[in-house]
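Let's take a friendly walk through this model together. Have the viewer open and follow along.

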Amino acid sequence: MITRRSVLGGAVAAAGLPLLAPGTFAGGEAHAARTLPPAGPRRASDPVPPAFSTAMPVPPVLRPLSSSGGVDVYELTIRRARAQILPGTATEVLTYDGHFPGPVIHARSGRRVLVRHRNGLDMPVSVHLHGASVPPSSDGNPMDVFAPGASRTYVYTNRQPHASLWFHDHAHHMEAEHVYRGLTGSYLLTDDLEQSLPLPKGQYDVPITIRDARFDENGQLAYTMADRNRTTILANGRPTPYFRVAARKYRFRLLNGSNLRLFALSLSDGTPLTQMASDGGLLERPVAVPVLTLSPGERADVIVDFSRHRVGTRLVLTNSGPGNPAQIGKVLRFDVVRTADDPSSVPRVLRTLPPAAALPKAAVTRHIELSMDEDGRPDPRGFVNGQMFDPDRIDTTVAFGSSEIWQVTNANKRVPHNFHLHLVQFRVLERGGKPAGPTEAGLKDTVRVLPGETVKLHVTFDAFRGDYVYHCHMLDHSAMGMMATFRVR
Ligand code: C2O
Ligand code: CU
Ligand code: CU
């Protein structure tokens, strides 16, 4: 059965984010911004087709090899494959079991999942389940790689509430290129609470991973660190595709799978998106979001109600994030092609979370500063509190069971960053000294931190002991060194 789920992502730019100011996002892409080719007519040699000429696929749902005794067992091979991303062209990609876009695993809270990965590549890999609460042995730490030809079994106990998680490669220094070339997949964890709600389900619940890429003249993925010329937008692995929908409500699970790009998403008819979940699952209540911002690694689930439109309507999901709008301004087009019954609805209250004032008292306040070289050197370095990643160093030690406040600052003037902690879902208390907006009020594992900004997070470390990493999830930056290790003991 191919179920569709959607990962809608984004943060609201409703607050008039500085996102759109020219140059604001120059950061990792500053040089590229200056060398962008003009958005002139397409060259005959351009392998990327005009917008909306391919259909957006829904990623395949993996079936467990066995499913008994409360455990679902999967076996996957990590291998090279050829994908038809651009019409008539075979593009070499790195995949989980040959799938591009990456496959989907469905899981249920309280039920264990075992994934046995065989490494069919010629380089080491590590598989990280982003957003999951797992012991260190199954976290996919950057140094905990397995060799070509070797296999590794990851155990996911799923002792956490529903959430749209994703898995991706995390091999030290290679994570950015591996993810860019395709090593990602969705892991959709559900629970009784989520299942009890009348939200759109089945084929009306569609995961959509959006990302950018650069193709060379042969239609192959070109990778260079901090490349500002990744101007082809892919939705579920196809360039600016169309997607045929019925005139009813859909849940789209949006994931920003880019290495650097920030998206600012809107619907072309001007109606707001209805965001109902973020990284760590449902928000307390749905939020109308005119512009949904989504930094790399963040997820947002949105509801779009196509019943307002007659059959034949075409709606474009647009991107007003940094970049040349002629190149990156369109993500995908929804074509309303039929009517359909719609028994779904979106409750006004989706879940309850403790208010900020009721969170466990924090024992410690920490200051984390993210930065990278901005002086245009060819090989920029990334830093956390002034130091590049050193896997042999424990940067932060926290007490098991305690809660802490982490104040995370982007010390750069032009480069945006974001911040991701393994192991935990945290709460965003403040952004720039003001209470976080409604789209960031749920459980989060990744949060954007724009140039000069500080976000204040509340984190509780009560799940597992051991060593985990935190880093900027603009993966070109983490590969440059913007990563550090925390130990729970
Ligand atoms: Cu998705 Cu260490 O990250
Ligand atoms: Cu992670
Ligand atoms: Cu960064």
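**The copper site and its surroundings**

Along the chain, the donors of the copper ion (ligand 3) are spaced as H-x54-C-x4-H. Keep in mind as you look that this is a predicted model.

Put residue names to that pattern and you find His417, Cys472 and His477 coordinating the copper ion (ligand 3). The two histidines each offer ND1, while the cysteine offers SG, and the distances run from 2.0 to 2.1 Å. Are Cys472 and His477 buried or exposed? Both cysteine 472 and histidine 477 are buried, with buried meaning under 20% relative accessible area.

Now zoom out to the whole chain. Its secondary structure consists of five helices and 33 strands. The chain is as compact as a globular protein of its length, because its radius of gyration of 21 Å is close to the 23 Å that the globule rule gives for 489 residues. If you are setting up a box around the C-alpha trace, its principal axes span about 60 × 55 × 50 Å.

How is the chain connected to itself? Take the contacts between residues at least 6 apart in sequence: 78% of these join residues at least 24 apart. As for burial, 60% of the 489 residues count as buried.

Finally, turn to the outside and the charges. The accessible surface of the chain is about 18000 Å², and carbon and sulfur atoms account for 51% of that. The chain carries 55 positive and 45 negative charges, and the mean positions of these two sets lie 5 Å apart.

Technical notes:
Residues are numbered from 1 along each chain as its sequence is written. Chains are lettered from A and ligands numbered from 1 in the order in which they are written. This is a predicted model: local features need pLDDT of at least 70, side-chain atom pairs count only at pLDDT 80 or more; totals for chains, interfaces and linings use all residues. Side-chain values use heavy atoms; hydrogens and water are left out. Helices (H or I, at least four residues) and strands (E, at least two) are DSSP runs, numbered from the N terminus. The radius of gyration is taken over C-alpha atoms; the globule rule is 2.2 Å times the number of residues to the power 0.38. Buried means under 20% relative accessible area, exposed over 50%, partly exposed in between (1.4 Å probe, protein chains only). Contact means heavy atoms within 4.5 Å. Accessible areas come from the Shrake-Rupley method with a 1.4 Å probe; for residues, only the protein chains shown count as cover. Lys and Arg count as positive and Asp and Glu as negative; His and the chain ends are not counted. The place of a charge is taken as NZ of Lys, CZ of Arg, CG of Asp or CD of Glu. Donors are N, O and S atoms within 2.8 Å of the metal (3.2 Å for Na, K and Ca); water is not among the atoms, so sites may look incomplete.
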